[in-house]
Amino acid sequence: MNVDRSDMDSSWSPEAAMDNDRLVRAIQDGDREAERAFAARYLRPVKAMLLARSRNPDLAADLLQDVMIDAICALRRGQLREPQKLSSFVIGIARNRLNNHYRSTVRQPESLEFPDLLPDSSSHAQKLEEQERENLAMNAISSLDPLDKKILQMTLIDGLKPGIIAQRLSLNPDVVRQRKLRATRRVIDFVRRQSQTESSNHIVVGKVT
Amino acid sequence: MTDCTAPLIDRCLERYIQGTLPESDARKFEEHYFDCPACLAQVEALQAVAQQMGSKPLQPRRAPIPWPVRVAVPAAIAAGLVLAFIGFHPWRQPEQQISRADLRDGNLNLSLDKTGQLHGADGLPKKDRDALQAALATGRLEASFPSDLAASQAETMLGNTAAASPFQVISPVDRVVSDDRPAFAWQSMPGATGYRVRVYAGGYRKVAESPTLHGLNWPCPVALARGQNYTWTVTATSSTGEVRTPAPPQPEAVFQVMGSAPAAGIESALRGPANGHLLLAVLYAKAGAVDDAGEQLDLLAKENPNSPIVARLKSSLNQATPSPIKTKAAQ
(Lines give C-alpha, C1' and ligand atoms only; values in the text may rest on other atoms or scores of the structure.)
Protein backbone atom coordinates (compact mmCIF):
# COMPACT_ATOMS: atom_id res chain seq x y z
CA MET A 1 0.00 0.00 0.00
CA ASN A 2 1.34 3.38 -0.88
CA VAL A 3 0.31 6.30 1.25
CA ASP A 4 0.73 9.82 0.01
CA ARG A 5 1.92 12.36 2.54
CA SER A 6 -1.03 14.45 1.41
CA ASP A 7 -3.36 11.67 2.54
CA MET A 8 -2.12 12.17 6.05
CA ASP A 9 -1.99 15.93 6.22
CA SER A 10 -5.36 16.56 7.77
CA SER A 11 -3.88 17.53 11.14
CA TRP A 12 -1.42 20.08 9.79
CA SER A 13 -2.37 23.72 10.07
CA PRO A 14 -0.62 27.09 9.93
CA GLU A 15 -1.56 27.59 13.60
CA ALA A 16 0.23 24.36 14.54
CA ALA A 17 3.29 25.50 12.63
CA MET A 18 3.29 28.79 14.55
CA ASP A 19 2.99 26.88 17.82
CA ASN A 20 5.96 24.78 16.83
CA ASP A 21 7.92 27.89 16.02
CA ARG A 22 7.23 29.45 19.42
CA LEU A 23 7.93 26.23 21.26
CA VAL A 24 11.23 25.61 19.53
CA ARG A 25 12.40 29.19 20.05
CA ALA A 26 11.41 29.11 23.72
CA ILE A 27 13.37 25.90 24.34
CA GLN A 28 16.36 27.37 22.55
CA ASP A 29 16.08 30.40 24.83
CA GLY A 30 16.23 28.16 27.89
CA ASP A 31 12.55 28.29 28.88
CA ARG A 32 12.02 25.25 31.17
CA GLU A 33 8.24 25.52 30.97
CA ALA A 34 8.51 25.16 27.22
CA GLU A 35 10.54 22.01 27.77
CA ARG A 36 7.83 20.62 29.99
CA ALA A 37 5.20 21.51 27.40
CA PHE A 38 7.29 19.80 24.73
CA ALA A 39 7.64 16.67 26.83
CA ALA A 40 3.95 16.60 27.69
CA ARG A 41 3.11 16.81 24.00
CA TYR A 42 5.49 14.14 22.76
CA LEU A 43 5.70 11.56 25.57
CA ARG A 44 2.67 9.60 24.42
CA PRO A 45 3.37 9.48 20.67
CA VAL A 46 7.04 8.67 21.22
CA LYS A 47 6.09 5.85 23.56
CA ALA A 48 3.55 4.51 21.07
CA MET A 49 6.16 4.63 18.33
CA LEU A 50 8.84 2.91 20.41
CA LEU A 51 6.38 0.22 21.40
CA ALA A 52 5.19 -0.31 17.83
CA ARG A 53 8.74 -0.67 16.56
CA SER A 54 10.31 -2.62 19.41
CA ARG A 55 7.32 -4.78 20.45
CA ASN A 56 8.85 -4.61 23.88
CA PRO A 57 7.03 -2.51 26.49
CA ASP A 58 9.99 -2.55 28.90
CA LEU A 59 12.42 -1.41 26.24
CA ALA A 60 9.99 1.27 25.07
CA ALA A 61 9.68 2.59 28.62
CA ASP A 62 13.47 2.53 29.04
CA LEU A 63 14.16 4.45 25.86
CA LEU A 64 11.36 6.97 26.29
CA GLN A 65 13.21 9.27 28.68
CA ASP A 66 16.38 8.98 26.60
CA VAL A 67 14.54 10.12 23.50
CA MET A 68 12.99 13.08 25.29
CA ILE A 69 16.34 14.11 26.74
CA ASP A 70 18.05 13.77 23.37
CA ALA A 71 15.35 15.84 21.72
CA ILE A 72 15.40 18.65 24.28
CA CYS A 73 19.19 18.79 24.31
CA ALA A 74 19.20 19.03 20.53
CA LEU A 75 16.56 21.76 20.61
CA ARG A 76 18.55 23.68 23.21
CA ARG A 77 21.53 23.53 20.85
CA GLY A 78 19.35 24.95 18.09
CA GLN A 79 19.75 21.90 15.89
CA LEU A 80 16.26 22.12 14.44
CA ARG A 81 16.33 24.65 11.61
CA GLU A 82 12.74 24.22 10.48
CA PRO A 83 10.36 24.28 13.47
CA GLN A 84 7.43 23.13 11.30
CA LYS A 85 9.23 19.79 11.10
CA LEU A 86 9.33 19.35 14.87
CA SER A 87 7.44 16.05 14.86
CA SER A 88 9.66 14.61 12.13
CA PHE A 89 12.66 15.74 14.16
CA VAL A 90 11.43 13.91 17.26
CA ILE A 91 10.57 10.81 15.24
CA GLY A 92 14.07 10.78 13.81
CA ILE A 93 15.61 10.99 17.26
CA ALA A 94 13.42 8.17 18.52
CA ARG A 95 14.32 6.02 15.55
CA ASN A 96 18.02 6.69 16.06
CA ARG A 97 17.78 5.84 19.76
CA LEU A 98 16.12 2.56 18.95
CA ASN A 99 18.65 1.72 16.25
CA ASN A 100 21.52 2.59 18.58
CA HIS A 101 20.04 0.31 21.21
CA TYR A 102 20.05 -2.58 18.79
CA ARG A 103 23.58 -1.84 17.65
CA SER A 104 25.09 -1.61 21.06
CA THR A 105 24.03 -1.74 24.68
CA VAL A 106 26.74 0.73 25.64
CA ARG A 107 25.27 4.15 26.26
CA GLN A 108 27.28 7.23 25.37
CA PRO A 109 27.71 9.80 28.12
CA GLU A 110 25.72 12.96 27.47
CA SER A 111 27.76 16.13 27.59
CA LEU A 112 24.94 18.56 28.27
CA GLU A 113 23.09 18.99 31.51
CA PHE A 114 19.92 16.90 31.42
CA PRO A 115 16.58 18.62 31.60
CA ASP A 116 15.38 18.05 35.14
CA LEU A 117 11.76 19.09 35.01
CA LEU A 118 10.37 16.60 32.56
CA PRO A 119 7.16 14.82 33.39
CA ASP A 120 8.09 11.43 34.76
CA SER A 121 6.74 8.77 32.47
CA SER A 122 7.02 6.24 35.27
CA SER A 123 4.99 8.36 37.69
CA HIS A 124 2.20 6.88 39.73
CA ALA A 125 -0.44 8.67 37.66
CA GLN A 126 1.07 7.38 34.44
CA LYS A 127 1.16 3.85 35.77
CA LEU A 128 -2.43 4.12 36.88
CA GLU A 129 -3.41 5.31 33.43
CA GLU A 130 -1.61 2.41 31.81
CA GLN A 131 -3.16 -0.04 34.23
CA GLU A 132 -6.57 1.39 33.46
CA ARG A 133 -5.95 1.05 29.73
CA GLU A 134 -4.88 -2.56 30.22
CA ASN A 135 -8.04 -3.31 32.19
CA LEU A 136 -10.15 -1.64 29.53
CA ALA A 137 -8.39 -3.65 26.84
CA MET A 138 -9.11 -6.88 28.73
CA ASN A 139 -12.76 -5.92 29.09
CA ALA A 140 -12.92 -5.00 25.41
CA ILE A 141 -11.46 -8.36 24.41
CA SER A 142 -13.82 -10.29 26.65
CA SER A 143 -16.78 -8.46 25.11
CA LEU A 144 -15.98 -9.93 21.69
CA ASP A 145 -17.66 -12.87 20.06
CA PRO A 146 -15.29 -15.90 20.32
CA LEU A 147 -14.84 -16.09 16.55
CA ASP A 148 -14.14 -12.35 16.32
CA LYS A 149 -11.66 -12.73 19.15
CA LYS A 150 -9.91 -15.56 17.33
CA ILE A 151 -9.73 -13.55 14.11
CA LEU A 152 -8.39 -10.50 15.92
CA GLN A 153 -5.79 -12.58 17.69
CA MET A 154 -4.65 -14.19 14.45
CA THR A 155 -4.47 -10.73 12.92
CA LEU A 156 -2.73 -8.76 15.65
CA ILE A 157 -0.64 -11.41 17.34
CA ASP A 158 0.10 -13.93 14.60
CA GLY A 159 0.26 -11.26 11.90
CA LEU A 160 -1.87 -13.25 9.47
CA LYS A 161 -3.85 -11.76 6.62
CA PRO A 162 -7.55 -12.36 6.02
CA GLY A 163 -7.05 -14.84 3.20
CA ILE A 164 -4.84 -16.99 5.36
CA ILE A 165 -7.10 -16.73 8.39
CA ALA A 166 -10.02 -17.69 6.17
CA GLN A 167 -8.19 -20.82 5.07
CA ARG A 168 -7.37 -21.83 8.61
CA LEU A 169 -10.87 -21.19 9.92
CA SER A 170 -12.65 -22.45 6.80
CA LEU A 171 -14.36 -19.13 6.27
CA ASN A 172 -14.87 -16.85 3.31
CA PRO A 173 -12.05 -14.26 3.17
CA ASP A 174 -14.51 -11.40 2.94
CA VAL A 175 -16.31 -12.65 6.01
CA VAL A 176 -12.98 -12.62 7.82
CA ARG A 177 -12.27 -9.09 6.60
CA GLN A 178 -15.64 -7.89 7.76
CA ARG A 179 -15.45 -9.56 11.16
CA LYS A 180 -11.90 -8.32 11.67
CA LEU A 181 -12.90 -4.78 10.79
CA ARG A 182 -15.86 -4.96 13.14
CA ALA A 183 -13.83 -6.45 15.99
CA THR A 184 -11.07 -3.89 15.60
CA ARG A 185 -13.53 -1.03 15.65
CA ARG A 186 -15.35 -2.49 18.62
CA VAL A 187 -12.29 -2.85 20.83
CA ILE A 188 -10.88 0.54 19.89
CA ASP A 189 -14.22 2.21 20.47
CA PHE A 190 -14.61 0.37 23.75
CA VAL A 191 -11.21 1.41 25.06
CA ARG A 192 -11.56 4.99 23.87
CA ARG A 193 -15.13 5.42 25.06
CA GLN A 194 -14.42 3.96 28.47
CA SER A 195 -11.23 6.01 28.77
CA GLN A 196 -13.18 9.16 28.04
CA THR A 197 -15.84 8.17 30.53
CA GLU A 198 -13.23 7.49 33.18
CA SER A 199 -11.47 10.77 32.40
CA SER A 200 -14.67 12.78 32.64
CA ASN A 201 -15.49 11.02 35.89
CA HIS A 202 -12.10 11.99 37.24
CA ILE A 203 -12.73 15.62 36.39
CA VAL A 204 -16.10 15.59 38.07
CA VAL A 205 -14.72 13.95 41.19
CA GLY A 206 -11.89 16.46 41.36
CA LYS A 207 -14.21 19.46 41.25
CA VAL A 208 -15.47 21.08 44.39
CA THR A 209 -19.18 21.37 44.09
CA MET B 1 -14.28 4.73 14.91
CA THR B 2 -12.26 7.82 14.23
CA ASP B 3 -12.53 11.54 14.53
CA CYS B 4 -9.77 11.90 11.98
CA THR B 5 -10.82 12.28 8.37
CA ALA B 6 -7.43 11.51 6.82
CA PRO B 7 -7.82 8.65 4.35
CA LEU B 8 -6.33 5.20 4.86
CA ILE B 9 -5.96 5.55 8.63
CA ASP B 10 -7.88 2.35 9.26
CA ARG B 11 -5.63 0.31 7.00
CA CYS B 12 -2.44 1.88 8.26
CA LEU B 13 -3.36 1.50 11.90
CA GLU B 14 -3.83 -2.24 11.94
CA ARG B 15 -0.81 -3.02 9.81
CA TYR B 16 1.28 -0.61 11.83
CA ILE B 17 0.40 -2.44 15.04
CA GLN B 18 1.10 -5.76 13.30
CA GLY B 19 4.44 -4.45 12.12
CA THR B 20 3.59 -5.27 8.52
CA LEU B 21 3.15 -1.73 7.22
CA PRO B 22 5.94 -0.93 4.74
CA GLU B 23 8.64 1.21 6.31
CA SER B 24 7.96 4.24 4.15
CA ASP B 25 4.26 4.13 5.00
CA ALA B 26 5.02 3.53 8.68
CA ARG B 27 7.10 6.70 8.71
CA LYS B 28 4.32 8.70 7.11
CA PHE B 29 1.79 7.28 9.51
CA GLU B 30 4.03 8.19 12.47
CA GLU B 31 4.40 11.74 11.20
CA HIS B 32 0.63 11.87 11.03
CA TYR B 33 -0.32 10.50 14.44
CA PHE B 34 2.36 12.51 16.21
CA ASP B 35 0.19 15.51 15.42
CA CYS B 36 -3.22 13.81 15.43
CA PRO B 37 -4.59 13.02 18.92
CA ALA B 38 -7.49 10.98 17.49
CA CYS B 39 -5.20 8.60 15.64
CA LEU B 40 -2.73 8.47 18.53
CA ALA B 41 -5.56 7.38 20.83
CA GLN B 42 -6.41 4.61 18.38
CA VAL B 43 -2.81 3.45 18.19
CA GLU B 44 -2.63 3.33 21.98
CA ALA B 45 -5.94 1.52 22.28
CA LEU B 46 -5.03 -1.15 19.74
CA GLN B 47 -1.58 -1.55 21.28
CA ALA B 48 -3.21 -2.17 24.65
CA VAL B 49 -5.53 -4.74 23.12
CA ALA B 50 -2.68 -6.46 21.28
CA GLN B 51 -0.60 -6.55 24.44
CA GLN B 52 -3.42 -8.13 26.38
CA MET B 53 -4.11 -10.66 23.66
CA GLY B 54 -0.52 -11.61 23.02
CA SER B 55 0.90 -14.27 25.25
CA LYS B 56 4.20 -13.98 23.45
CA PRO B 57 5.95 -10.80 22.32
CA LEU B 58 6.12 -10.22 18.61
CA GLN B 59 9.36 -9.84 16.77
CA PRO B 60 10.69 -6.31 16.53
CA ARG B 61 9.53 -4.46 13.48
CA ARG B 62 12.95 -3.87 12.02
CA ALA B 63 15.85 -4.59 14.27
CA PRO B 64 19.08 -3.44 12.68
CA ILE B 65 21.62 -6.25 12.56
CA PRO B 66 24.37 -5.80 15.18
CA TRP B 67 27.79 -5.28 13.64
CA PRO B 68 29.30 -8.56 14.94
CA VAL B 69 26.56 -10.40 13.08
CA ARG B 70 27.03 -8.21 10.02
CA VAL B 71 30.69 -9.24 9.96
CA ALA B 72 30.23 -12.84 11.06
CA VAL B 73 27.52 -13.83 8.62
CA PRO B 74 29.35 -12.84 5.41
CA ALA B 75 32.48 -14.45 6.83
CA ALA B 76 30.58 -17.66 7.49
CA ILE B 77 29.08 -17.56 4.01
CA ALA B 78 32.51 -17.02 2.48
CA ALA B 79 33.93 -19.89 4.53
CA GLY B 80 31.03 -22.09 3.45
CA LEU B 81 31.67 -21.27 -0.17
CA VAL B 82 35.34 -22.14 0.16
CA LEU B 83 34.50 -25.42 1.86
CA ALA B 84 31.88 -26.19 -0.75
CA PHE B 85 34.40 -25.50 -3.50
CA ILE B 86 37.05 -27.67 -1.90
CA GLY B 87 34.78 -30.50 -0.89
CA PHE B 88 32.40 -30.68 -3.80
CA HIS B 89 33.18 -33.57 -6.15
CA PRO B 90 30.21 -34.40 -8.33
CA TRP B 91 31.73 -37.73 -9.41
CA ARG B 92 31.67 -38.94 -5.78
CA GLN B 93 27.95 -38.52 -5.26
CA PRO B 94 26.27 -38.53 -8.66
CA GLU B 95 22.85 -39.26 -7.15
CA GLN B 96 22.77 -35.90 -5.35
CA GLN B 97 21.58 -32.86 -7.20
CA ILE B 98 21.96 -29.28 -6.16
CA SER B 99 18.54 -27.75 -5.62
CA ARG B 100 17.92 -24.35 -7.15
CA ALA B 101 14.88 -23.73 -4.98
CA ASP B 102 13.50 -25.49 -1.94
CA LEU B 103 10.18 -24.56 -0.42
CA ARG B 104 7.98 -25.98 2.25
CA ASP B 105 4.46 -25.26 1.09
CA GLY B 106 1.53 -26.68 3.03
CA ASN B 107 1.70 -30.42 2.60
CA LEU B 108 4.32 -30.19 -0.13
CA ASN B 109 8.09 -29.99 -0.08
CA LEU B 110 8.82 -28.37 -3.40
CA SER B 111 12.23 -28.28 -4.97
CA LEU B 112 13.59 -27.35 -8.34
CA ASP B 113 16.74 -29.17 -9.34
CA LYS B 114 19.54 -27.67 -11.37
CA THR B 115 17.99 -28.94 -14.59
CA GLY B 116 14.83 -26.98 -13.82
CA GLN B 117 12.69 -30.01 -12.98
CA LEU B 118 10.10 -29.68 -10.24
CA HIS B 119 10.02 -32.27 -7.46
CA GLY B 120 7.55 -32.79 -4.66
CA ALA B 121 4.36 -32.01 -6.55
CA ASP B 122 3.70 -35.39 -8.12
CA GLY B 123 0.10 -35.61 -6.95
CA LEU B 124 -0.94 -32.40 -8.68
CA PRO B 125 -2.45 -32.07 -12.15
CA LYS B 126 0.07 -31.36 -14.89
CA LYS B 127 -1.13 -27.80 -15.48
CA ASP B 128 -0.64 -27.00 -11.80
CA ARG B 129 2.80 -28.62 -11.77
CA ASP B 130 3.75 -26.61 -14.86
CA ALA B 131 2.54 -23.41 -13.21
CA LEU B 132 4.55 -24.10 -10.06
CA GLN B 133 7.63 -25.02 -12.06
CA ALA B 134 7.39 -21.83 -14.11
CA ALA B 135 7.01 -19.68 -11.01
CA LEU B 136 9.97 -21.29 -9.26
CA ALA B 137 12.17 -21.29 -12.36
CA THR B 138 11.54 -17.65 -13.27
CA GLY B 139 10.94 -16.21 -9.81
CA ARG B 140 7.95 -14.41 -11.26
CA LEU B 141 4.18 -14.62 -10.87
CA GLU B 142 2.21 -14.13 -14.03
CA ALA B 143 -0.29 -11.47 -12.93
CA SER B 144 -2.95 -10.70 -15.48
CA PHE B 145 -4.52 -7.56 -14.08
CA PRO B 146 -7.59 -6.69 -16.17
CA SER B 147 -6.72 -3.93 -18.58
CA ASP B 148 -10.14 -2.32 -18.23
CA LEU B 149 -9.68 -2.01 -14.46
CA ALA B 150 -6.23 -0.51 -14.90
CA ALA B 151 -7.64 1.95 -17.42
CA SER B 152 -10.40 2.99 -15.06
CA GLN B 153 -7.81 4.41 -12.65
CA ALA B 154 -6.99 7.15 -15.09
CA GLU B 155 -10.59 8.10 -15.68
CA THR B 156 -12.45 10.74 -13.78
CA MET B 157 -16.14 11.39 -13.63
CA LEU B 158 -17.52 14.43 -15.31
CA GLY B 159 -19.58 16.80 -13.26
CA ASN B 160 -19.57 19.67 -10.86
CA THR B 161 -16.28 19.50 -8.98
CA ALA B 162 -17.78 21.42 -6.08
CA ALA B 163 -19.88 18.37 -5.32
CA ALA B 164 -16.86 16.22 -4.41
CA SER B 165 -17.50 14.23 -1.25
CA PRO B 166 -15.75 14.59 2.09
CA PHE B 167 -15.44 10.84 2.63
CA GLN B 168 -14.11 8.00 0.53
CA VAL B 169 -14.79 4.44 -0.42
CA ILE B 170 -12.16 1.94 0.80
CA SER B 171 -12.71 -1.41 -0.87
CA PRO B 172 -13.13 -3.05 -3.28
CA VAL B 173 -11.62 -0.47 -5.59
CA ASP B 174 -9.68 -1.27 -8.77
CA ARG B 175 -9.32 -4.88 -7.78
CA VAL B 176 -10.52 -8.32 -8.82
CA VAL B 177 -12.42 -9.96 -5.96
CA SER B 178 -12.73 -13.73 -5.68
CA ASP B 179 -16.01 -13.67 -3.75
CA ASP B 180 -19.14 -12.99 -5.76
CA ARG B 181 -20.71 -11.46 -2.65
CA PRO B 182 -18.03 -8.91 -1.84
CA ALA B 183 -18.00 -6.82 1.32
CA PHE B 184 -17.96 -3.08 0.78
CA ALA B 185 -16.15 -0.74 3.14
CA TRP B 186 -15.96 3.03 3.32
CA GLN B 187 -14.90 5.83 5.59
CA SER B 188 -17.15 7.66 7.98
CA MET B 189 -18.48 11.11 7.18
CA PRO B 190 -18.73 13.54 10.10
CA GLY B 191 -22.37 14.16 10.95
CA ALA B 192 -23.69 11.28 8.87
CA THR B 193 -26.80 9.56 10.21
CA GLY B 194 -26.80 6.70 7.73
CA TYR B 195 -25.30 5.31 4.57
CA ARG B 196 -26.69 3.59 1.53
CA VAL B 197 -24.60 1.51 -0.90
CA ARG B 198 -25.54 1.07 -4.54
CA VAL B 199 -23.83 -1.36 -6.90
CA TYR B 200 -24.11 -0.98 -10.66
CA ALA B 201 -23.31 -3.33 -13.52
CA GLY B 202 -22.50 -2.14 -17.04
CA GLY B 203 -24.69 0.65 -18.35
CA TYR B 204 -25.27 1.84 -14.77
CA ARG B 205 -27.83 -0.88 -14.22
CA LYS B 206 -28.36 -1.11 -10.47
CA VAL B 207 -27.85 -4.68 -9.28
CA ALA B 208 -27.76 -4.27 -5.52
CA GLU B 209 -28.73 -1.66 -2.98
CA SER B 210 -28.36 -1.70 0.76
CA PRO B 211 -30.90 -0.53 3.27
CA THR B 212 -29.90 2.49 5.36
CA LEU B 213 -26.78 1.41 7.23
CA HIS B 214 -25.24 2.79 10.37
CA GLY B 215 -21.93 0.95 10.11
CA LEU B 216 -19.13 1.42 7.62
CA ASN B 217 -19.28 -1.87 5.78
CA TRP B 218 -21.86 -3.96 4.02
CA PRO B 219 -21.61 -7.56 2.82
CA CYS B 220 -23.45 -7.78 -0.47
CA PRO B 221 -26.37 -10.19 0.09
CA VAL B 222 -26.82 -11.04 -3.60
CA ALA B 223 -24.37 -12.98 -5.74
CA LEU B 224 -22.96 -10.77 -8.49
CA ALA B 225 -22.44 -12.27 -11.92
CA ARG B 226 -18.87 -13.42 -12.33
CA GLY B 227 -16.43 -12.03 -14.83
CA GLN B 228 -18.05 -8.59 -14.92
CA ASN B 229 -17.02 -5.13 -13.84
CA TYR B 230 -19.09 -3.20 -11.34
CA THR B 231 -19.09 0.30 -9.98
CA TRP B 232 -20.38 1.25 -6.57
CA THR B 233 -21.21 4.35 -4.60
CA VAL B 234 -22.04 5.22 -1.02
CA THR B 235 -24.53 7.96 -0.20
CA ALA B 236 -24.32 9.45 3.26
CA THR B 237 -27.32 11.15 4.81
CA SER B 238 -26.90 13.99 7.26
CA SER B 239 -28.95 16.86 8.59
CA THR B 240 -27.73 19.00 5.71
CA GLY B 241 -28.71 16.53 3.00
CA GLU B 242 -27.13 13.69 1.07
CA VAL B 243 -23.52 13.32 -0.04
CA ARG B 244 -22.37 10.67 -2.47
CA THR B 245 -18.91 9.24 -2.98
CA PRO B 246 -17.09 8.91 -5.30
CA ALA B 247 -18.21 12.17 -6.82
CA PRO B 248 -16.77 14.21 -9.68
CA PRO B 249 -13.92 14.64 -10.37
CA GLN B 250 -12.94 11.48 -8.51
CA PRO B 251 -12.57 8.29 -10.52
CA GLU B 252 -15.35 5.74 -10.25
CA ALA B 253 -14.97 2.95 -7.72
CA VAL B 254 -14.68 -0.05 -10.03
CA PHE B 255 -14.07 -3.69 -9.27
CA GLN B 256 -14.39 -6.99 -11.05
CA VAL B 257 -15.80 -10.24 -9.75
CA MET B 258 -13.44 -13.06 -10.70
CA GLY B 259 -14.60 -15.16 -13.64
CA SER B 260 -16.19 -18.57 -13.13
CA ALA B 261 -13.33 -20.62 -14.57
CA PRO B 262 -10.51 -19.19 -12.45
CA ALA B 263 -12.78 -19.17 -9.39
CA ALA B 264 -13.50 -22.86 -9.93
CA GLY B 265 -9.78 -23.58 -10.32
CA ILE B 266 -9.03 -21.81 -7.05
CA GLU B 267 -11.87 -23.61 -5.30
CA SER B 268 -10.47 -26.91 -6.55
CA ALA B 269 -6.97 -25.99 -5.33
CA LEU B 270 -8.36 -25.02 -1.95
CA ARG B 271 -10.01 -28.43 -1.61
CA GLY B 272 -7.09 -30.32 -3.09
CA PRO B 273 -4.55 -32.37 -1.15
CA ALA B 274 -1.67 -29.96 -1.58
CA ASN B 275 -3.03 -27.10 0.53
CA GLY B 276 -0.21 -25.14 -1.02
CA HIS B 277 0.08 -21.39 -0.91
CA LEU B 278 2.32 -21.05 -3.93
CA LEU B 279 -0.22 -22.72 -6.18
CA LEU B 280 -2.97 -20.49 -4.81
CA ALA B 281 -0.76 -17.43 -5.30
CA VAL B 282 -0.14 -18.46 -8.89
CA LEU B 283 -3.86 -18.99 -9.54
CA TYR B 284 -4.95 -15.78 -7.82
CA ALA B 285 -2.34 -13.75 -9.69
CA LYS B 286 -3.31 -15.31 -12.99
CA ALA B 287 -6.93 -14.36 -12.29
CA GLY B 288 -5.90 -10.79 -11.45
CA ALA B 289 -6.68 -11.08 -7.73
CA VAL B 290 -3.34 -9.61 -6.78
CA ASP B 291 -4.24 -8.87 -3.16
CA ASP B 292 -5.21 -12.48 -2.55
CA ALA B 293 -2.04 -13.63 -4.31
CA GLY B 294 -0.02 -11.37 -2.03
CA GLU B 295 -1.66 -12.87 1.03
CA GLN B 296 -0.73 -16.36 -0.11
CA LEU B 297 2.87 -15.29 -0.65
CA ASP B 298 2.91 -13.82 2.85
CA LEU B 299 1.88 -17.18 4.24
CA LEU B 300 4.49 -18.89 2.09
CA ALA B 301 7.08 -16.47 3.46
CA LYS B 302 6.10 -17.41 7.00
CA GLU B 303 6.74 -21.06 6.23
CA ASN B 304 9.99 -20.19 4.47
CA PRO B 305 11.59 -17.28 6.29
CA ASN B 306 14.37 -15.54 4.38
CA SER B 307 13.67 -17.52 1.23
CA PRO B 308 15.08 -15.58 -1.75
CA ILE B 309 12.67 -17.22 -4.18
CA VAL B 310 9.65 -16.06 -2.15
CA ALA B 311 11.12 -12.57 -1.98
CA ARG B 312 11.55 -12.54 -5.76
CA LEU B 313 8.00 -13.75 -6.29
CA LYS B 314 6.67 -11.00 -4.01
CA SER B 315 8.73 -8.41 -5.78
CA SER B 316 7.42 -9.50 -9.17
CA LEU B 317 3.86 -9.35 -7.89
CA ASN B 318 4.34 -5.87 -6.46
CA GLN B 319 5.68 -4.68 -9.79
CA ALA B 320 2.64 -6.08 -11.56
CA THR B 321 0.17 -4.58 -9.09
CA PRO B 322 -1.25 -1.17 -9.92
CA SER B 323 -1.28 1.23 -6.99
CA PRO B 324 -4.64 1.52 -5.28
CA ILE B 325 -6.87 4.21 -6.62
CA LYS B 326 -6.54 7.59 -4.96
CA THR B 327 -10.01 8.58 -3.86
CA LYS B 328 -9.16 11.79 -2.13
CA ALA B 329 -11.85 14.35 -1.89
CA ALA B 330 -11.45 17.11 -4.40
CA GLN B 331 -9.86 20.19 -2.99
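Which residues point one way from strand 6 (residues 183–186) of chain B, and which the other way? In this predicted model, B:Ala183 and B:Ala185 share one direction, while B:Phe184 and B:Trp186 point the other way. Every one of these four residues is buried.

Strand 6 of chain B has paired neighbours, and these are worth following one at a time. With strand 4 (residues 169–171) of chain B, strand 6 pairs in the antiparallel sense over two bridges. Here B:Trp186 of strand 6 serves as the bridge partner of B:Val169. Strand 6 of chain B also pairs with strand 9 (residues 217–219) of chain B, again in the antiparallel sense, this time over three bridges. In that pairing, B:Ala185 has B:Asn217 of strand 9 as its bridge partner. Thus B:Trp186, a buried residue, takes part in the bridge to B:Val169, and B:Ala185, also buried, takes part in the bridge to B:Asn217.

The wider setting of these strands is chain B, which holds ten helices and twelve strands. Of its 331 residues, 48% are buried. Among the contacts of chain B with a separation of 6 or more, 64% are made by residues 24 or more positions apart. The accessible surface of chain B is about 15900 Å², and carbon and sulfur atoms account for 55% of that area.

Chain A is built of eight helices and zero strands. Buried residues form 45% of its 209 residues. Considering contacts in chain A between residues at least 6 apart in sequence, 68% link residues at least 24 apart. Chain A exposes about 10800 Å², with 50% supplied by carbon and sulfur atoms.

Within chain A, helix 3 (residues 57–76) invites a closer look. Its 20 residues should span 28 Å at 1.5 Å a residue, and the end C-alpha atoms lie 29 Å apart, so the two values agree. Helix 3 of chain A nonetheless bends by about 30 degrees at A:Leu63. Because 15 of its 20 residues are buried, helix 3 of chain A is largely enclosed by the rest of the structure.

Both ends of this helix offer further detail. The N-terminal end of helix 3 of chain A is capped by A:Asn56, which places a side-chain oxygen 3.1 Å from the backbone nitrogen of A:Asp58. Just after helix 3 of chain A comes A:Gly78, with a positive phi of about 75 degrees.

How values were computed:
Residues numbered from 1 in each chain as written. Chains lettered and ligands numbered in written order. Predicted model: local features only at pLDDT ≥ 70, side-chain atom pairs only at ≥ 80, totals over all residues. Heavy atoms only, no water. Buried < 20%, exposed > 50% of the residue type's maximum accessible area, 1.4 Å probe, protein only. Pairing = 2+ DSSP bridges. Expected span 1.5 Å × (residues − 1). Bend = angle between axes of the 7 residues up to and from the residue. Polar contact = N/O pair within 3.5 Å; in protein donor to acceptor, adjacent residues only side chain to side chain. Contact = heavy atoms within 4.5 Å. Areas by Shrake-Rupley, 256 points an atom, 1.4 Å probe, with all protein chains shown as cover.
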